[in-house]
Amino acid sequence: MKPTTCLQHCIKGMGKPLFDFAESKEATKYIEVFKKMQFNRDNQIKELLIVYNSYHMVQGAIQVKGLPKTQDSVVRFMMSKDFDELHKEIAMTVEKNFPMLMSCLSRKDKRKLNALFE
C-alpha cells in the first residue's frame, strides 16, 4: 500500500465525508465555537478542515500504533508529541492549500459549507 501524503488525505476528505463529519455531535460543537472565535468565514472553514482531518488522522494513527480504540487512547495520543507534529502538519497543509482544497467542492457544496457558519 502506497503511503498517503497529508495533502492527499485532505483532498480525499472534501465533499461528502466532510459534510458527514460536520453533521456529527462532535463537529457541531466545534462549529459553534468557531462561529464565536473566528469572524472570518475562510478562517472558520479552515478550522473545520483542520479538526476534521485531525480527527481522522488520530483514528488512523491509533490503528497503526495498535492502540485500542478507546477514549483513553485517543486522549493519550492527543497529548503526545506525535499528535502535536501531526496537527501542525495538517494546519500547515490546510493553510497553504486552502484555495485548492476549496476548488475540490462544487458550488452547491461551497454554499452548504458556508451555511454551516450562518
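Here are a few exercises on this predicted model, each with a worked solution.

**Exercise 1. Work out the overall architecture of the protein chain: how many helices and strands are there, and does the radius of gyration agree or disagree with a compact globule?**

Start with the secondary structure: the protein chain has 7 helices and 0 strands. Reading along the sequence then gives α-α-α-α-α-α-α. Next, take the size. For 118 residues, a compact globule would have a radius of gyration near 13 Å, and the protein chain comes in at 14 Å, so the two agree. The C-alpha trace spans about 40 × 30 × 20 Å along its principal axes. Finally, look at the contacts: of those between residues at least 6 apart in sequence, 71% join residues at least 24 apart.

**Exercise 2. Compare Asn53 and Phe19: where does each sit, and which residues does each touch?**

Take Asn53 to begin with. Its place is in helix H4, residues 41-65. Its relative accessible area is 2%, under the 20% cut-off, so Asn53 is buried. Leaving aside residues up to four places away in sequence, Asn53 touches His9, Cys10 and Ile90.

Now for Phe19, which lies in helix H2, residues 16-22. With a relative accessible area of 4%, Phe19 is buried too. Using that same sequence filter, Phe19 touches Asp109, Lys112 and Leu113. For a sense of distance, Phe19 and Met57 are 38 residues apart in sequence and 17 Å apart in space, C-alpha to C-alpha.

**Exercise 3. Sort out three salt bridges, Asp20 with Lys16, Arg76 with Asp72, and Glu95 with Lys46: what separates the partners along the chain?**

A search of the whole structure turns up 5 salt bridges, including these three.

Step one is Asp20 and Lys16, whose closest N and O atoms are 3.0 Å apart. They're 4 residues apart in helix H2, which means about one helical turn between them. Asp20 is partly exposed at 40% relative accessibility, while Lys16 is exposed at 59%.

Step two is Arg76 and Asp72, with an N to O distance of 3.4 Å. Again the partners are 4 residues apart, this time in helix H5 (residues 71-78), so about one helical turn separates them. Asp72 counts as partly exposed, at 46%.

Step three is Glu95 and Lys46, at 3.0 Å, N to O. This pair links distant parts of the chain: Glu95 is in helix H6 (residues 81-103), Lys46 is in helix H4, and they're 49 residues apart. Glu95 is partly exposed at 48%, whereas Lys46 is buried at 12%.

Key:
Residues are numbered from 1 along each chain as its sequence is written. This is a predicted model: local features need pLDDT of at least 70, side-chain atom pairs count only at pLDDT 80 or more; totals for chains, interfaces and linings use all residues. Side-chain values use heavy atoms; hydrogens and water are left out. Helices (H or I, at least four residues) and strands (E, at least two) are DSSP runs, numbered from the N terminus. Buried means under 20% relative accessible area, exposed over 50%, partly exposed in between (1.4 Å probe, protein chains only). Contact means heavy atoms within 4.5 Å. The radius of gyration is taken over C-alpha atoms; the globule rule is 2.2 Å times the number of residues to the power 0.38. A salt bridge is a side-chain nitrogen of Lys or Arg within 4 Å of a carboxyl oxygen of Asp or Glu.
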